[in-house]
Amino acid sequence: MLIDSHAHLEMPEFKKDLEAVIQRAKETGVEYIFTVGTEKKDWKRALEIAESHPSIYAVLGVHPHNAKEIDEETYPMLREFCRSEKVRAYGEIGLDFFRNLSPRDLQLKRFREQIAFAKELGLPVVIHDREAHRETLEILKSEGAKDCGGIIHCFSGDYEMARACMDMGFYISIPGSITFKNAEDLRETVRTIPMESLLVETDSPFLTPDPFRGKRNEPSYVRYTAQKVAEIKKISFEKVAEMTTKNARRVYRLN
Ligand SMILES: [Zn+2]
Ligand SMILES: [Zn+2]
């Protein structure tokens, strides 16, 4: 059994065949999927999908791309949605200095603010960090994110970064890009991260692993990422499945 720790099933890419996608995930041994609603227009849909499928849970928050859209309705709405027992974490929140779709100073402010909000809600946080490793780490430390813990999703940092995050009680989630030819640095880092801290994810519909690169990603493909982790760590696929499932269950507090 595997857990896809991070997907976006509420996105339009899944509108036509969502049930088939969920069915394929089940058939390939994906026990649970965590779908992440990243902006106001997606929260309700993400939660509806989770509430109508026993194998799906939701994570809700404001993505750094959408930091500029936070207004007076945002937090009251999220507070209401997060009452559902189907919401298991707050996110994805963080910094994206690659695309800079929201101004950097606003991303920083909203990141800090949302860590505090997640702590108030009593939820772990799911972190998005793209080309902002130093600032992400600084804020996780200064905002006391170790009190809520969580996941660094689509991890792209080095071992030092991973170590600092693990020391704060964070898990490191590995996406399908680990299968790419040019991902030798990431593979080298994963080799050094203990299995006790690793999760696997698809981030579907994005970051499709080989051999499907270029097509839409979906949760059933999380096994290619797990397979690659097994290869890198020279352990069995079953062991990777067992450990990453155990870790995901712990951080998302399943049972
Ligand atoms: Zn992300
Ligand atoms: Zn995502």
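A residue is called buried when its relative accessible area is under 20%, and exposed when that value is over 50%. The exercises below concern a predicted model.

**Exercise 1. Find the protein donors of the zinc ion (ligand 1), and decide whether His-128 and His-153 are buried or exposed.**

Step 1. The zinc ion (ligand 1) is coordinated by Glu-92 through OE, His-128 through ND1 and His-153 through NE2, at 1.9 to 2.1 Å.

Step 2. Along the sequence, these donor residues follow the spacing E-x35-H-x24-H. Distant parts of the chain are linked by the pair His-128, in strand E5, and His-153, in strand E6, which are 25 residues apart.

Step 3. The relative accessible area of His-128 is 11%, so His-128 is buried. His-153 has 2% relative accessibility and therefore also counts as buried.

**Exercise 2. Describe the surroundings of strand E5.**

Step 1. Of the 6 residues of E5, 5 are buried, so the strand is largely enclosed by the rest of the structure.

Step 2. Strand E4 (residues 87-96) runs parallel to E5, and 6 bridges join the two. Within this pairing, Tyr-90 stands opposite Val-125 in E5.

Step 3. Strand E5 (125-130) is also among the elements that cover the buried residues of H6.

**Exercise 3. Describe the site of the zinc ion (ligand 2) and state which residue coordinates both zinc ions.**

Step 1. The protein donors here are His-6 (NE2), His-8 (NE2), Glu-92 (OE) and Asp-203 (OD), which lie 2.1 to 2.5 Å from the zinc ion (ligand 2).

Step 2. Four donors count as tetrahedral if all angles lie between 85 and 135 degrees. The angles among the 4 donor atoms of the zinc ion (ligand 2) run from 82 to 177°, and the site is irregular.

Step 3. The sequence spacing of the donor residues is H-x1-H-x83-E-x110-D. His-6 belongs to strand E1 (residues 2-7), whereas Asp-203 sits in the loop between strand E8 (198-200) and helix H8 (222-233); this pair links distant parts of the chain, 197 residues apart.

Step 4. His-6 is buried because its relative accessible area is 1%. Asp-203, at 9% relative accessibility, counts as buried too.

Step 5. The zinc ion (ligand 2) is 3.4 Å from the zinc ion (ligand 1), and the residue that coordinates both is Glu-92.

**Exercise 4. Give the strand order of the sheet and explain why E1 and E8 each have one side without a neighbour.**

Step 1. The sheet is open and has 8 strands, with parallel pairing in the order E1-E2-E3-E4-E5-E6-E7-E8.

Step 2. E1 and E8 stand at the edges with a single partner strand each, so one side of each lacks a neighbour in the sheet.

Step 3. On average, neighbouring strands of this sheet are turned by 25° against each other, direction ignored.

Step 4. At the E8 edge, strand E7 (residues 170-174) runs parallel to E8 and is joined to it by 3 bridges. Ile-172 stands opposite Leu-198 in E8.

Step 5. Helix H8 packs on the sheet and touches E1, strand E2 (30-37), E7 and E8. The direction of H8 makes about 145° with that of E8.

**Exercise 5. Place Thr-225 and list its contacts beyond its neighbours within four places in sequence.**

Step 1. Thr-225 is part of helix H8.

Step 2. With a relative accessible area of 1%, Thr-225 is buried.

Step 3. Once neighbours within four places in sequence are set aside, Thr-225 is in contact with Ile-174, Pro-175, Gly-176, Ile-178, Val-200 and Glu-201.

**Exercise 6. Name the buried residues of helix H6, what covers them, and what is found at the start of H6 and just after H6.**

Step 1. In helix H6 (residues 159-167), the buried residues are Met-161, Ala-162, Ala-164, Cys-165 and Met-166.

Step 2. Their cover includes strand E5 (125-130), helix H5 (133-142), strand E6 (150-153) and E7.

Step 3. A side-chain oxygen of Asp-158 comes to within 3.3 Å of the backbone nitrogen of Glu-160 at the start of H6. Gly-169, just after H6, has a positive phi of about 85°.

**Exercise 7. Decide whether Glu-120 is buried or exposed, and find its side-chain partner.**

Step 1. Glu-120 is located in helix H4 (residues 104-121).

Step 2. Its relative accessibility is 54%, so Glu-120 counts as exposed.

Step 3. The side chains of Glu-120 and Arg-79 are joined by a polar contact of 2.8 Å.

Methods: Residues numbered from 1 in each chain as written. Chains lettered and ligands numbered in written order. Predicted model: local features only at pLDDT ≥ 70, side-chain atom pairs only at ≥ 80, totals over all residues. Heavy atoms only, no water. Buried < 20%, exposed > 50% of the residue type's maximum accessible area, 1.4 Å probe, protein only. Polar contact = N/O pair within 3.5 Å; in protein donor to acceptor, adjacent residues only side chain to side chain. Donors = N, O, S within 2.8 Å, 3.2 Å for Na, K, Ca; no water. Tetrahedral: all angles 85-135°; square planar, octahedral: opposite > 155°, others 65-115°. Pairing = 2+ DSSP bridges. Axes fitted to C-alpha atoms, helices over the stretch in contact; angles between N-to-C directions. Contact = heavy atoms within 4.5 Å.
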